[in-house]
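Thank you all for coming; I would like to take a few minutes to go through one model with you. Please have the sequence and the structure open while I talk.

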Amino acid sequence: MGDEKKYGLVSAIIMGLGGAIGFEIFALLNYAYFDLAGPSMISALFFCGIINLITMLSYSELSAAIPEVGGEYTYTKVAFGGFISFMAGSIRWLASVFGGALAAVVFVNQLGVLFSVFSPTFQDLVLANASILIVGVVVILVILAIRGVEEATTFIVGAFLAIFLIFLAMSMSYTLNPQNVVPEASGEGLAVFFAATAYLFPMFVGMRALVAGAPQLKDPGKNVPRALMVTTILLTVVYFLVAYVAVGVVPADTPRTATDPPLLNMAAATIMGPIGAVLFALAGIFASISSVGTAMTVQSSLLGGMSRDGYLPKILVKAHKRFGTRYVAIIASSLCVLVFGTSGAVEFLGYAASFGSLLVFALVNLSLIKLRRTRPRMERPFKAPLYPLTPLIGIVMSVLLLGFPIILRDVNAESALLSSIGMVAIVSVMYYLRMVKREIDFNRLRTAVGGICFGAGLLLVLLSFVVMPPSVQIIAVAVGLISMVAGIFNIFASSHKID
Amino acid sequence: MVNKRWIGAVAGFTQAIIGLLSTFFAVVLFLEVIDLQAVFSLPSELLPICVFGLVLFGVFSIISGLFLIREGQEQ
C-alpha cells in the first residue's frame, strides 16, 4: 500500500474536471433555456457556480479532516452515524442512478444528432428505437464495469476543453448580444431563475469525484481544497462562456420540433458548420458513455460500502471471482438505470438527479456543523472560512432550490420530488426492517405498517364511492377491504406481543 | 389460532400481490408504455401525485403482506 502512486495538484484538478465536465451540458441547457429562464439561464449557471463553491468549502474541510474513501457517506457516518449516513448513502446512490439514466438518454439523443448530419432517415430510426439502444448501451457498460475497464478521464477532459475552446474562438467572428441575461426583478422572473438554477445544478456536482479520489492524492489536506476551488472557478467560467455564445447564436423564440438537436448542438452547427455538429455530437456520445460507466462504479462502491457496514444484504459486496468487481451491486444498480433510462424523460431525470445532489449537499453541510460542535479538537488541515455562515448558506440554498421548481408547479419537478420522497420512504422502511433487531421495536413497526394499510384501505373504499366510475369501484372496494383486513391482522398480532 | 394465522397469511399474500401490481401499474402509468394516461383521462398535473400514491400504497402493501406471510410460515 505504501508504494501506491500518489497524484499532485494538476491531476487533482483533472480529476475534478473529469467528474464535472460531461454529458449534462448537452442535456440540461435545452430545457433551462427554451422552457424555463430564457437568456437569464446564463446568470443561473453563474449562480450555480457560487452555490457549488460554498458547499465545496464544506467538502474541502471534511475531505481534509477525513481522507477516507466514501465521500458524503463517510462524512455523515462520522458526524451522525446510523440512519442519517444510510440516508446520505442512499440518496447519493439514487442521484447517481438518475444521473446514469439521464446519460443513457443523452447518448441516444446525441447518436440521433450525429446521424442527422449524414442521414435524417438514420436519425428517425435511432430515435424510434431509443429504448432498445439504451438497453444495449447499458448492458455493454455493465459487462465492461464488471470486467473493471478503466476510464480515459484525462483524454475526455482534454478533448472537451479543446472542443469548447475551438467553439469559443470561432464564435468571435459573430456579433453576440444576448438580451435579458439578468433575471427580471419580479416574483415570476426570480422563480424561473431559481428553478433553472436547480435544474442546471447537476452540471457542477460531478466534481465530487475529486473528493472521492482524495486518498489517491499527495497531501490531500492542501491539494483537495485548492483543486476544488480551481475546478469550480474554471468550470463556472467555461460553462458561462459556452452558454453565453449558445444563447447569443440561437434566439429563445426559435421555432422547434421534437427532432431538433439540443441548444448546444444547434449553436455548434451554426458557428462551426457540419464539422461542429459532428464534433459536438461525438463529444456528447463519449461523455454520456463515460458517465454511465462512472455512475455504475460509484453506485457499486456505495452499495458495497453500505452492505459492508451491515445496512444492506451482504450479497451486494460479493466480488467477481475473475475480475474482482462487485458484480451483484453493478447489476442491481444498472437495472434501476435501465428502468429510468428507458423512460426517456430528460427533464424529469435532470430534476431528480439535481434534487438528490441538493439533499446530499445539505447533509454534508449539516455534518460539518455537527463535527465542529462535537469534535472541536479534530485535526483539520483546512477549515471552511466564515463558519458558520458558509455551511448555513449552503443548507438554505439547497432547500430553496428544492422548493422553487415546485412553487412554479413544474410537472417534471413535482414528479421528480415525489419520486425522490417515495424512494426515501422506501429506503427508510428498509433501514428499520434491517436494523431494528429488538422484537418489541419490530412489533411497533408492524403496528405502524398495519395502521397505514388500514387507513389507506379505508380511504380507498370511501374515495371509490365519491370519485371513481362504477367499473373501477368494485376493484377499488375489494382492494381497500383486503388492505383493511391485512392491516387489522398486523395491528392485533403485533400489539399483543408489545403488551 | 391456526386458522386465524392461515387466513392472515392468505390476506397477506393477496395484499403483497396487490402491492406488486400497484407498483407495476405506477411504473406503466408514468412511462406511458400503453398510453394509460389517456385511457383514464388523467390530467398531467395529477400524474405525479397518482404515481406517488400508487408507489407508496404498493410498498406498504408489500411490507404488510410479507409480515403476515412470515407469521403464517412461523406457524
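**Helix packing and a buried loop residue**

Helices α3(A) and α12(A) are roughly antiparallel to each other, a label that applies to angles over 145 degrees, where under 35 would be roughly parallel, 65 to 115 roughly perpendicular and the rest oblique. By class, their contact brings together 18 nonpolar, seven polar and no charged residues, where Ala, Val, Leu, Ile, Met, Phe, Trp, Tyr, Cys and Pro count as nonpolar, Asp, Glu, Lys and Arg as charged, and the others, Gly among them, as polar. The angle itself is about 170°, and the axes of α3(A) and α12(A), residues 220–249, lie 9 Å apart; axes here are lines fitted to C-alpha atoms, for helices over the stretch in contact, with angles running from 0 to 180 degrees between N-to-C directions.

Before going further, I should say that this is a predicted model, in which local features need pLDDT of at least 70 and side-chain atom pairs count only at pLDDT 80 or more, while totals for chains, interfaces and linings use all residues. Residues are numbered from 1 along each chain as its sequence is written, and chains are lettered from A, and ligands numbered from 1, in the order in which they are written.

Helix α3(A) is mostly covered, since 20 of its 25 residues are buried, meaning that 20 or more other C-beta atoms, placed from the backbone, lie within 10 Å of a residue's own (12 or fewer is exposed, and in between is partly exposed). In α14(A), the buried residues include Tyr327(A), Ile330(A) and Phe340(A).

What about the loop between α13 and α14 of chain A, where Leu316(A) has its place? Leu316(A) is buried, because 22 other C-beta atoms lie within 10 Å. Leaving aside residues up to four places away in sequence, Leu316(A) touches, among others, Leu303(A), Arg326(A) and Val328(A), a contact being C-beta atoms, placed from the backbone, within 7 Å.

Ser301(A), in helix α13 of chain A, also counts as buried, with 20 C-beta neighbours inside 10 Å. Its C-alpha atom is 8.8 Å from that of Ile330(A), although the two are 29 residues apart along the chain.

Lastly, confidence: chain B averages a pLDDT, the predictor's confidence in each residue from 0 to 100, of 81, and 95% of the residues score at least 70. For the complex, the predictor gives an ipTM of 0.87 and a pTM of 0.74.

Conventions. Helix = DSSP H or I, 4+ residues; strand = E, 2+ residues; numbered from the N terminus. Contact = placed C-beta atoms within 7 Å.
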